[in-house]
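Trainee: Please take me closely through one part of this model: the strand pairing and whatever sits around it. Keep it brisk, and go step by step.

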Amino acid sequence: MIEIRGDYYDGHQSLRHPVVLRFDESRVQILGLETEISFALSEVNFADRLGDLPRSIDFPDGASCETHDNDAVDQVVAQLTSSALGSASSKKLFFGRVLHLVESRWHYLALLLLITAAVVFGFVRYVVPVAAKDLAAALPVSTDRKLGDGLLESLDGTVMQPTKITQAKRNRLHQRFAKMTAQVDPAFKFRLEFRASPSMGANAIALPNGTIIVTDGLMQLSRHEDEVIAVLAHEIGHVVHRHGLRHAIQSSVVSLAVPLLTGDIFSVATLAAGLPTALLEAKYSRDFETEADQYALNFMRSHQLNPRHFANILQRLSAGPEDEKPEPTARVFSYLESHPETQIRIVRFLRE
Ligand SMILES: [Zn+2]
């Protein structure tokens, strides 16, 4: 506490009142007047020191005080300044802490995002396919048939036209196809169809109900009947392994479970989760292609057919039509997936 003697002027009259100013850390008390007055130091103005001239201390109500005790005023001002600096530096410290917290939290959030993406990726990549396979196995084959029914009709109305392949060629393949599917579970209703489809090019697709469609383009591309047989074996593989149903299950699980896994954390995580899902969409079909290829290979080996026929037509398919320039987007064996939005997907898929 500092006390300074001085002369008080009320700001209205030139009357001088000898007073004592008592300073503590935050306030000044004016002692010696009829009534006791006090002000917060933040409202008080101290005139700059000019040598040893009397110094004015101005109060917010218009009153002021003059004093010769310059050293004492300097002391008060010094104390005020240091406490002001003190509060400034503590503010700085506070913001520093906040900033640090935010920074460390960002690291934490980034890590959380990464973990979320990894968990979702693992879930979608490894857990969902196994679960879907088990679930498909528990469902009767009639489920697959329901998925595929009506698809051929909608294809006929959109991207497919009647075949121009000769009856004789088709008959031979129908006979071989019947033998190929005779040993397979009779719950699948296999059916071979030929269609002309300029938009699909050289292609073969298997519907989940066991209908396999071969395009005229594929027939024209083949140089040996066993090449078509190999393709048919591959498509039968898709049906037998129930890829349509499994894909439908996988897609549903992913679209339902991923938002459940991540949606409540924050929306960025959902975005991060969308990425592996999109990447895996392609991986699903690659896994299915491998399974179908394996089925075809086993079939050819067990029927003394040369697997080279399969490789040959695959090579020609990936090279694109001979007399046209190769289409990089042409799918080798476009596998028509069954899905709630089948109609839309069919058209989009076939136009790729
Ligand atoms: Zn395939």
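Mentor: Start with the pairing rule: two strands pair if DSSP finds at least two bridges between them. Keep in mind that this is a predicted model.

Apply the rule to the start of the chain. Strand β1 and strand β2 (residues 17-23) are joined by seven bridges and run antiparallel. To place one bridge, take Ile 4: its partner in β2 is Leu 21.

Now widen the view. β1 and β2 belong to an open sheet of seven strands, ordered β4-β3-β2-β1-β7-β6-β5, with antiparallel pairing. β4 and β5 (45-46) are its edge strands, each pairing on one side only. Strands of a sheet pair through backbone hydrogen bonds, in either the parallel or the antiparallel sense.

Go to the β4 edge. Strand β3 (residues 27-31) runs antiparallel to β4, with four bridges joining the two. Val 28 has Phe 39 as its bridge partner in β4. The two strands form a hairpin with five residues between them. In that turn, Gly 32 has a positive phi of about 115°.

Phe 39 takes us from backbone to side chains. What do the ring pairs link into a cluster? They link Tyr 8, Phe 39 and Phe 59. The count for the protein comes to five aromatic pairs. A pair of aromatic rings is described by the distance of the centres and the angle of the planes.

Take Tyr 8 and Phe 59. Their ring centres are 6.3 Å apart and their planes are at 35°, so this pair is tilted. Tyr 8 sits in strand β1 (residues 2-9), while Phe 59 sits in the loop between β6 (55-58) and β7 (64-67). The two are 51 residues apart, so the pair links distant parts of the chain. Is Tyr 8 buried or exposed? Tyr 8 is buried, at a relative accessible area of 5%. Phe 59 is buried too, with a relative accessible area of 5%.

Next, Phe 39 and Phe 59. The centres of these rings lie 5.4 Å apart and the planes meet at 20°, so the pair is stacked. The cut-off behind that call is an angle under 30 degrees. Phe 39 is in strand β4 (residues 37-40) and Phe 59 in the loop between β6 and β7, so the pair ties together parts 20 residues apart in sequence. Both of these phenylalanines are buried.

Ser 64 gives another view of the same region. Ser 64 is found in strand β7. Its relative accessible area is 17%, so Ser 64 counts as buried; the cut-off is under 20%. Which residues does Ser 64 contact, leaving aside its neighbours within four places in sequence? They are Asp 7, Tyr 8, Tyr 9, Ser 56, Ile 57, Asp 58 and Phe 59. Tyr 8 and Phe 59, from the ring cluster, are on that list.

Other strands pair further along the chain. Strand β8 (residues 161-162) and β9 pair in the antiparallel sense, over two bridges. β9 and strand β11 (residues 211-215) run parallel, joined by five bridges. Arg 195 of β9 shows both partners: Pro 162 stands opposite Arg 195, and Thr 215 is the bridge partner of Arg 195 in β11. Five of the six residues of β9 (residues 191-196) are buried, so this strand is largely enclosed by the rest of the structure.

After the strands comes the metal site. The zinc ion has as protein donors His 234 (NE2), His 238 (NE2) and Glu 289, whose OE appears twice, at 2.0 to 2.6 Å. Along the chain the spacing is H-x3-H-x50-E. The two histidines lie four residues apart in helix α6 (residues 225-240), so about one helical turn separates them. Both His 234 and His 238 are buried. Why is the arrangement irregular? The four donor atoms subtend angles of 54 to 137°, and a tetrahedral call needs all angles between 85 and 135 degrees.

Finish with the whole protein. There are ten helices and eleven strands. Of the 352 residues, 40% are buried. Among contacts with a separation of 6 or more, 59% join residues 24 or more positions apart. The accessible surface comes to about 19,800 Å², and 58% of that belongs to carbon and sulfur atoms.

How values were computed
Residues are numbered from 1 along each chain as its sequence is written. This is a predicted model: local features need pLDDT of at least 70, side-chain atom pairs count only at pLDDT 80 or more; totals for chains, interfaces and linings use all residues. Side-chain values use heavy atoms; hydrogens and water are left out. Buried means under 20% relative accessible area, exposed over 50%, partly exposed in between (1.4 Å probe, protein chains only). Contact means heavy atoms within 4.5 Å. Accessible areas come from the Shrake-Rupley method with a 1.4 Å probe; for residues, only the protein chains shown count as cover. Rings of Phe, Tyr and Trp (its six-membered ring) pair if their centres lie within 6.5 Å; planes under 30 degrees apart count as stacked, over 60 as edge-to-face and the rest as tilted. Donors are N, O and S atoms within 2.8 Å of the metal (3.2 Å for Na, K and Ca); water is not among the atoms, so sites may look incomplete. Four donors count as tetrahedral if all angles lie between 85 and 135 degrees; four count as square planar and six as octahedral if opposite donors are over 155 degrees apart and all others between 65 and 115; anything else is irregular.
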